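Thank you all for coming. Today I would like to walk slowly through one structure, and I ask you to keep the picture in view while I talk.

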Amino acid sequence: MSLIGTAAQPLRVAIIGAGPAGFYAAERLFKETELVIEVDMFDRLPTPFGLVRNGVAPDHQKIKSVTAAFDRIANNPRFRFFGNVELGRDLSLDDFKANYHQILFSTGAQTDRPLGIPGDELIGSHPATEFVAWYNGHPDFRDCQFDLTQERVAVIGVGNVAIDVARILCRTQEELMKTDIADYALEALSKSQVKEVYILGRRGPAQAAFTAPEAKELGEMADCDTLVPPAEAELDPLSLASMASADRADVRKVEIIQELSHRQPTGKAKRLTLRFLVSPTELIGDEAGHVKQMKLVHNELYATDAGSLRSRSTDRTETLDVGLVFRSIGYRGVPLPGVPFNDSWGVIPNDAGRVIDMQTKEPVCGLYTAGWIKRGPTGVIGTNKPDAAETVESMLEDARNGDLLAPVHATSESAAAFVLERQPELVTYADWKQLDAMELNKGKEQGRPRVKFTRIEDMLAALRE
Ligand code: NAP
């Protein structure tokens, strides 16, 4: 039996990454009644909440209200937040090991999957993840440039992120004013010339990755007609057969797509067209290296031996005039210094959240993972709750067995002093609450839910004042 986890010697856990998975892990750790546990949560940004702040679309404020639950978790006296502290920049993995019994990585998936077609690198071709981070005011992406003087835009992929990107491009100024979109993005989008947006799915309506409520919302925008070419909304025989065993939500999604395919343009200022069974094969640039066209091939579906439906190209092709392209084919995790990483999958190799050494295939003592960096970029915010709970079960089992790191700085005071020495401008949860209040106040003045700080220097300067 381990002596760690008592009031005299609490189990000291570092959670790296303050998104939903990190908070749900903290919540589950605090529910443990037999062990006394202290959690220090780190984030490289001064602000917590990960993709809830920087990924969830600004016109989905209701989803963002999950932060009230994260606030309650942060109110636990055994919780501390160390924002503006980065693994690799301010502290090494060895530093964390010198301060904590257990370290949990919940850093999400910070980059995008490449598409790998000729012309991908042309000016005007961007990962959707960058556009999302830009309109949400992520400090690393606030200075990105997107050419919104273009009238025609393609979004590749039919997941919820593609839907978010298309919706933000098609919303009116009045609709965006009601959101906490970054103020520079609001300004840029108010001058946008975008009139025609295409969302391109390589498979059919039954295989679209977006969810039914998101599809429905596409048809409810103030000044944008949303259409689907009738021929592409029809289900092929394989998809039709698959609907027999589809769940209610998928049936509803297909119904919504087919309803959109019966619509005619009503003369709204923008038009959004959802397309299916097409794949981009090449982006073509003008003399200045700016994307001007996209070559598409039409696809058909076939069943694999395992029974899933995949796309393959036919000999039908077409060319689409577009001056701006967003590839939205999934996020991807990035390796953390010193932490095992499965490069093919873009995740930290793990067994029920225990980090696994790639060579020995054995668990690495004291290291754990949760969220997208553990399982890949799938599911909604709530999916991280059971995911984090699984990891915490492993952590508690190891703690009870005494399979822990042996930190030299064994108290919360010494750890805090250590971190402060490395990063004197660390941001605490109380600091964040001040920033939060300032953002909300500024929002109130402008009749918006919040006006975000988008520069780290501005956040730190505001706190110093
Ligand atoms: P996703 O749901 O995995 O969708 C990726 C899309 O890219 C799929 O349509 C996929 O098609 C397509 N794709 C992949 N490779 C492609 C290729 N080479 N060519 C053409 N298309 C390709 O990923 P996501 O949209 O990035 O979303 C990530 C997660 O966040 C998802 O779980 C999503 O539901 C969630 N999310 C939820 C919300 C919300 O609840 N409102 C909002 C945003 C994100 P195939 O299916 O054919 O592979």
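**Aromatic rings and a parallel sheet**

Let me begin with Phe-23, which is buried, since its relative accessible area is 0%. Please keep in mind throughout that what we are looking at is a predicted model.

Phe-70 is buried as well, again with a relative accessible area of 0%. How are the rings of Phe-23 and Phe-70 placed, stacked or tilted? If we count the aromatic pairs in the model, we arrive at 20. In the pair of Phe-23 and Phe-70, the ring centres are 4.9 Å apart and the planes meet at 15°, so this pair is stacked, given that planes under 30 degrees apart count as stacked. Because Phe-23 belongs to helix H1, residues 20-31, while Phe-70 belongs to helix H4, residues 67-74, the pair ties together parts that are 47 residues apart in sequence.

Phe-70 has another ring partner, Phe-49, and here the centres are 5.8 Å apart with the planes at 40°, so the pair is tilted. This pair, too, links distant parts of the chain, because Phe-49 sits in the loop between strand E2 (37-43) and helix H2 (50-54), whereas Phe-70 is in helix H4, 21 residues apart. Phe-49 is buried, with a relative accessible area of 6%. If we follow the ring pairs further, we find a cluster that links Phe-23, Tyr-24, Phe-49, Phe-70, Phe-79, Phe-81, Tyr-429 and Trp-432.

Now let me turn to the strands. In general, the strands of a sheet pair through backbone hydrogen bonds, and the pairing may be parallel or antiparallel. Here, six strands make up an open sheet whose order is E6-E14-E7-E8-E10-E9, and their pairing is parallel. Which strands form the edges? They are strand E6 (125-127) and strand E9 (224-227), each of which pairs on one side only. On average, and ignoring direction, neighbouring strands of this sheet are turned by 15° against each other.

If we look at the E9 edge, we see that E9 runs parallel to strand E10, residues 270-275, and is joined to E10 by four bridges. To give one residue, Leu-227 has Thr-273 in E10 as its bridge partner. As for E6, helix H6, residues 128-135, lies across both E6 and strand E14 (324-327), and H6 runs at about 75° to E6.

Conventions: Residues numbered from 1 in each chain as written. Predicted model: local features only at pLDDT ≥ 70, side-chain atom pairs only at ≥ 80, totals over all residues. Heavy atoms only, no water. Phe/Tyr/Trp six-rings, centres within 6.5 Å; stacked < 30°, edge-to-face > 60°. Helix = DSSP H or I, 4+ residues; strand = E, 2+ residues; numbered from the N terminus. Buried < 20%, exposed > 50% of the residue type's maximum accessible area, 1.4 Å probe, protein only. Pairing = 2+ DSSP bridges. Axes fitted to C-alpha atoms, helices over the stretch in contact; angles between N-to-C directions. Contact = heavy atoms within 4.5 Å.
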